[in-house]
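Reader: I am in my first year and still learning to read a structure slowly. Could you take one part and go through it with care?

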Amino acid sequence: QIGFKNWMFMNVGGRYDFSSAFGEAAPGVFYPKVSLSVVPSDLSGWGAPFGLSTLRLRAAWGQSGRQPGAFDRFTTFNPFSSTLGAGLQPGQLGNNDLEPEIATEIEGGFEAGLFDNRVGLEFTYWDRTVKDGLVTRQFATSGGFRNAQLTNIGQIDASGYEINLRGQVLRTNRNTLELFANAAYLKQTLTSLGGA
């Protein structure tokens, strides 16, 4: 975390994942992230223009991932018993090429306090793209495996926003009454199945 004169802050980070749940051909994956927060109301000479007592502007970019299950890469067989004796039957069709799905997201927004912070408003807009989505895919059952196989296919694009509003209707030495309202919108589209 880097701060500048106590009104501008930057966070830089990252995460490296390597898991035995990944296929043999899949390497480890690094997820970077960076965020910036600016508080102009903490500057000297801030005169609360338009009734803005406090104001924070923020933006962020980063990646995250979702791993396959611990045993999704393995082909398994289940026990089978019949009048002819014990045996095996196909269970799960494994996938040795599994990789984590990776989501890249960017967001921006602000937090504002108006009229001596009696009214608070927060707004966030975000946009996310998920690549190599982990989707269960059904292959021809003539191969003997009836269960779906987890596969990295497709791309999912999503975006949305969130709004939070807070207001102090009553503030005295003894009592405080606050009202809250929030709303959110989400649009998500499967834009590709990767040729599947």
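Author: What follows is a close look at the aromatic rings and the sheet that carries them. The model is a predicted one, in which local features need pLDDT of at least 70 and side-chain atom pairs count only at pLDDT 80 or more, while totals for chains, interfaces and linings use all residues. Residues are numbered from 1 along each chain as its sequence is written, and side-chain values use heavy atoms, with hydrogens and water left out.

Eight strands (DSSP runs of E, at least two residues, numbered from the N terminus) form an open sheet with antiparallel pairing, in the order β1-β2-β3-β4-β7-β8-β11-β12; two strands pair if DSSP finds at least two bridges between them. Because β1 (2–4) and β12 (176–192) each have a single partner strand, they stand at the edges, and one side of each is left without a neighbour in the sheet.

Rings of Phe, Tyr and Trp (its six-membered ring) pair if their centres lie within 6.5 Å, and planes under 30 degrees apart count as stacked, over 60 as edge-to-face and the rest as tilted. By this rule there are three aromatic pairs. One of them is the stacked pair of F123 and Y161, with 6.3 Å centre to centre and 25 degrees between the planes. F123 lies in β8 (residues 119–131) and Y161 in β11 (residues 155–171), so this pair ties together parts that are 38 residues apart in sequence. Y161 also stacks with Y185, at 5.5 Å centre to centre and 25 degrees between the planes; since Y185 lies in β12, that pair ties together parts 24 residues apart in sequence. F110, F123, Y161 and Y185 form one aromatic cluster.

Note on methods:
Helix = DSSP H or I, 4+ residues; strand = E, 2+ residues; numbered from the N terminus.
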